[in-house]
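Here are some notes to read alongside the model. They cover the ligand surroundings and then the charged pairs.

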Amino acid sequence: MTTINTDNANSKVFIETYGCQMNFNDSEVVASILTAHGYLIVSDIEEADVILVNTCSIRENAETRVWGRLDVFRQLKKKKPSLLVGVLGCMAERLKDKLLEDEKLVDIVVGPDAYRELPILLRSAEEGQKGINVLLSREETYSDISPVRLDKNGVSAFVSIMRGCNNMCTYCVVPYVRGAERSRNPETIVREVQELIDSGYKEVTLLGQNVDSYNWVDGTGERVSFADLLEMVAKLDSRLRVRFSTSHPKDLSDEVLFTMAMYENICNHIHLPVQSGSTRVLELMNRGYTQEYYKNRIEAIRRILPGSSISTDIIAGFCTETEVDHDQTLSLMKWVGYDFAFMFKYSERPNTKAARKMQDDVPEDVKTRRLTEIIELQGKLSEVSKRNDVGKVFEVLVEGVSKKSVDHLYGRTSQNKVVVFPREYSKIGDYVNVEVKDSTSATLLGVIV
Ligand code: SAH
Ligand code: SF4
Ligand code: F3S
């Protein structure tokens with residue numbers, strides 16, 4: 001048997017990441033695979049022998065940004081002809097060998113389920129052979145790989161609990177670029193979280209496109225649901241904060257809410273993307289719930305987890321959206337009173353069901369105006385949400401030094417709101433009780449009590 005020696009003690013790799021938290025976590029898996037083969041991860045792009053860009057396809061502008069970066073890398077390649085550039089992630093999966101058409105731009109293309117092949121592809125690229133692997137897998141969860149933490153605050157870390165998505169929302173590219181949904185073996189999740197606790201981490205965020213459909217069946221037929229998994233992780237250490245994202249309104253169960261209520265260390269925050277307030281539009285989006293059902297889930301959160309914050313994602317100007325639909329989105333936002341939100345203009349993605357079967361018929365200026373209205377309303381709602389916190393005391397996990405002043409630290413409340421406060425004797429990684437005194441547009445301001 002011949003084996004290719006993929007060890008590479010001298011190569012320096014720079015990794016740049018776009019997109020969601022799962023993509024950031026994937027970059028940490030990539031870093032782990034490469035360091036095991038002798039590569040060195042560097043934070044200065046000028047030093048790099050290899051640049052890997054882990055990409056996102058969710059909206060057109062996400063891809064435009066990456067094309068802009070590839071142009072910058074082309075200039076670097078001119079200065080240093082041995083420099084290799086690799087495109088990873090969702091855009092690699094979507095565009096495949098199209099990314100290799102311009103010979104001087106990209107050397108390797110690797111999809112989200114093929115990162116174990118990276119050392120071999122890089123070795124071939126060093127020898128002048130361009131490489132591509134964009135096979136999607138039904139099994140790959142990288143469960144045995146301990147990610148190398150790239151964002152080194154040492155306090156909070158992401159842990160992927162599943163990959164892919166089966167939901168087929170008509171606007172969304174994720175099922176095509178990430179493949180079918182699969183859950184990761186819970187034992188390996190618990191092991192990874194325990195390793196994080198042992199190295200001093202204080203917070204984990206469990207990640208999946210739809211965590212509520214986490215489902216693991218072990219050899220004996222025993223099933224582990226998301227609520228079970230949450231409990232397993234929360235029980236490891238009562239001082240470890242546990243967060244998760246993303247919940248799907250159609251699948252968020254009361255059982256999960258009760259588990260959250262039972263464990264103090266599971267944070268009181270739910271990200272529940274609504275996308276639209278109009279049942280008609282939700283149906284066209286294939287979201288699997290109505291406005292009424294979404295409200296029922298909000299009521300369940302309010303009932304079972306009274307102090308919880310709620311955030312959301314909203315798309316403005318989906319196919320056929322009328323002013324009436326748009327008004328329903330605005331009134332639903334007011335009804336819920338979201339604490340924060342991510343808001344987007346609909347961006348048609350090639351080959352999705354919406355692109356194939358529907359007209360992207362809301363004019364650009366109308367989309368822009370509706371998005372502006374949504375953003376302005378959310379600005380007011382966020383302000384109300386922050387103002388309601390003034391006078392209250394929250395336990396805050398200290399995450400870093402304030403950008404504006406070294407005498408101030410910042411951290412987050414269980415509700416995921418950022419608080420800035422004078423440091424006194426506290427340090428990064430501590431839990432402190434902070435009384436909120438005031439708020440700015442972005443953060444709460446407080447003092448340690
Ligand atoms: N799995 C998560 C979200 C993943 S993508 C969920 O189902 O909620 C993050 C957000 O990007 C989505 O919630 C949606 O609001 C937005 N998004 C996805 N596709 C989009 C598109 N084609 N145009 C605009 N926004 C989109
Ligand atoms: Fe996309 Fe819908 Fe899956 Fe979220 S649930 S990733 S929006 S298909
Ligand atoms: Fe983007 Fe892929 Fe995440 S498309 S949002 S990086 S799953």
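1. A quick definition before the ligands: Ala, Val, Leu, Ile, Met, Phe, Trp, Tyr, Cys and Pro count as nonpolar, Asp, Glu, Lys and Arg as charged, and the others, Gly among them, as polar. Sorted that way, the shell around ligand 1 holds six nonpolar, four polar and five charged residues. Keep in mind that this is a predicted model.

2. Who sits around ligand 1? The shell has 15 residues, and the closest are Q209, P273, Q275, D313 and S347. Looking at individual atoms, the side chain of Q275 brings an N or O atom to 2.7 Å from an oxygen atom of ligand 1. For R287, a side-chain N or O atom is 3.2 Å from an oxygen atom of the ligand. Y171 takes part through its backbone instead: one of its backbone N or O atoms lies 3.1 Å from a nitrogen atom of ligand 1.

3. How much of ligand 1 does the protein cover? On its own the ligand has 540 Å² of accessible area, and the protein covers 90% of that. Two elements give two or more residues to this shell: strand 15 (309–316) and strand 16 (340–345).

4. Ligand 3 has its own set of neighbours: G19, C20, N23, C56, S57, I58, C90, R178 and Q209. By class, these are four nonpolar, four polar and one charged. Q209 is worth a second look, as it is listed around ligand 3 and is also among the closest residues to ligand 1.

5. Now the charged pairs. Side chains of opposite charge can pair when their charged atoms come close. The whole structure has 39 salt bridges. One of them joins D144 and R116, with N and O 2.8 Å apart. D144 is in the loop between strand 6 (131–133) and strand 7 (156–160), while R116 is in the loop between strand 5 (108–110) and helix 4 (118–126), 28 residues away. R116 is partly exposed, at 36% relative accessible area.

6. E321 and R370 make another salt bridge, at 2.9 Å between the closest N and O atoms. E321 lies in the loop between strand 15 and helix 11 (323–336) and R370 in helix 13 (residues 364–387), so the bridge ties together parts 49 residues apart in sequence. Buried or exposed? E321 is buried at 6%, and R370 is buried too, at 4%.

7. D360 pairs with K367 at 3.0 Å. D360 is partly exposed at 33%, whereas K367 is buried at 3%. Elsewhere, salt bridges with shared partners join D26, D113, R163, R178 and R182 into one network. R178 also appears around ligand 3.

Conventions
Residues numbered from 1 in each chain as written. Chains lettered and ligands numbered in written order. Predicted model: local features only at pLDDT ≥ 70, side-chain atom pairs only at ≥ 80, totals over all residues. Heavy atoms only, no water. Near = heavy atom within 4 Å. Polar contact = N/O pair within 3.5 Å; in protein donor to acceptor, adjacent residues only side chain to side chain. Areas by Shrake-Rupley, 256 points an atom, 1.4 Å probe, with all protein chains shown as cover. Helix = DSSP H or I, 4+ residues; strand = E, 2+ residues; numbered from the N terminus. Salt bridge = Lys/Arg side-chain N within 4 Å of Asp/Glu carboxyl O. Buried < 20%, exposed > 50% of the residue type's maximum accessible area, 1.4 Å probe, protein only.
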